[in-house]
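Me: I would like to learn how to read a structure feature by feature, with the general idea before each case. Could we work through one together?

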Amino acid sequence: MLNVGVLGAGHLGKIHLKLLQQSKKYNLVGFYDPIEENAEKVAKDFGYKAFKNVSELIKNVDVVDIVTPTLSHFDCAKESIIAGKHIFIEKPITKTIEQADALIELTEKYKVKGQVGHVERFNPAFTAVKDKIHNPMFIESHRLAEFNPRGTDVPVVLDLMIHDIDIILSIVNSKVAHVSASGVSVISDTPDIANARVEFENGCVANLTASRISLKNMRKTRFFQKDAYIAVDFFEKATEVVRMKDAPEKPGDFDMILQNAEGIKKQIYFENPEVQANNAILDELETFADAINNNTTPIVSLKQGTEALRVAHMIINDF
């Protein structure tokens, strides 16, 4: 078991603390939160050990789980890495791309591992179909959320859309060629709703929409590829796979057959891959423990987290 400590005991930090204490792959040593009143309450309510400062926590663990506001990610991660500790860091990896690149260099220098908390990679709806997604040429993503003051200190691209940017970059095996985007500030000082068109060198186009001022929640991505359409509902944890194949010579009464202008007939059939229930946050934390123990590359590496941030900034800079 790896000794782990958590930096930050806010809403998400408390979830991490609870799951790490349950995990059989970690030994939760304690946490640090700069708000003394909150730290005392969390320690009292849940029995976790509260450390007096960041350095003291880092000294006593093998893994540092950074669940602090984005502005402090770099400083917390840098101190942890220099101390020889592995880091799990919530998304977005850092505030700037320069900081993210610096963290990658530091992990290589000090020979430690890092993983970024892009939790949707572990969503059971996505994991159920990701092996069926091959060379999609058009992707459409909608991530709509009801208003929540938490997270409005950053643009909606870094708050919400970055989840879908990471998912798409993990699927499309090509470099980004061009980005065009628009964003509107409605309630916050930064954009609350944004749309981006991301074009890849291989011809794939991704159209992403994110909003934090919607009346209902939606987190859905659709992948269109040769002879198949795959929909992933990250919110409802459901999938839909629609495929086309050459129609049989003698279709059955209930077979769905399409015929194009050239007279080519295709049969449409549906697949419903089984979606296994899981706790995505626990899964991402435990796969990081596996990567450390087995000396393998984490599922969401710091380099991948940096690429997601890079594309997010390309989008923001085009507003």
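Reply: Let us begin with one position: Ile187 lies in the loop between β7 (176-184) and β8 (193-200), where helices (H or I, at least four residues) and strands (E, at least two) are DSSP runs numbered from the N terminus. This is a predicted model, in which local features need pLDDT of at least 70 and side-chain atom pairs count only at pLDDT 80 or more, while totals for chains, interfaces and linings use all residues. Residues are numbered from 1 along each chain as its sequence is written, and side-chain values use heavy atoms, with hydrogens and water left out.

Me: Which residues form a nonpolar patch on the surface with Ile187?

Reply: Patches are made of residues with over 30% relative accessible area and no salt bridge, like charges being joined within 9 Å and nonpolar side chains (Val, Leu, Ile, Met, Phe, Trp, Tyr) within 5 Å. Here Ile187 is joined by Phe147, Val184, Val186 and Ile193, and together they have about 420 Å² of accessible area, a value from the Shrake-Rupley method with a 1.4 Å probe, for which only the protein chains shown count as cover of residues.

Me: How many helices and strands does the protein chain have, and what does its radius of gyration agree with?

Reply: The protein chain has nine helices and 14 strands. The radius of gyration is taken over C-alpha atoms, and the globule rule is 2.2 Å times the number of residues to the power 0.38. For 319 residues a compact globule would have a radius near 20 Å, and the 22 Å of the protein chain agrees with this. Along its principal axes, the C-alpha trace spans about 75 × 40 × 40 Å.

Me: What share of the residues in the protein chain is buried?

Reply: Buried means under 20% relative accessible area, exposed over 50%, and partly exposed in between (1.4 Å probe, protein chains only). In the protein chain, buried residues make up 49% of the 319 residues. The chain exposes about 16000 Å², of which carbon and sulfur atoms supply 50%.

Me: How many salt bridges does the structure hold, and which residue forms one with Arg219?

Reply: A salt bridge is a side-chain nitrogen of Lys or Arg within 4 Å of a carboxyl oxygen of Asp or Glu. The structure holds 16 salt bridges. In one of them Arg219 pairs with Glu120, the closest N and O atoms being 3.3 Å apart. Arg219 lies in strand β10 (residues 218-225) and Glu120 in the loop between β5 (114-117) and α6 (124-129), so this pair ties together parts that are 99 residues apart in sequence. Arg219 counts as partly exposed at 24% relative accessibility, whereas Glu120 is buried, with a relative accessible area of 6%.

Me: Where do Asp192 and Arg212 lie, and are they buried or exposed?

Reply: Asp192 forms a salt bridge with Arg212, with 2.8 Å between the closest N and O atoms. The pair links distant parts of the chain, since Asp192 is in the loop between β7 and β8 and Arg212 in the loop between β9 (205-211) and β10, 20 residues apart. Both Asp192 and Arg212 are buried.

Me: Which residues does Lys25 touch?

Reply: Contact means heavy atoms within 4.5 Å. Leaving out residues up to four places away in sequence, Lys25 touches Met1, Leu2, Glu286, Ala289 and Asp290. Lys25 has its place in the loop between α1 (11-22) and β2 (26-32), and at 29% relative accessibility it counts as partly exposed.
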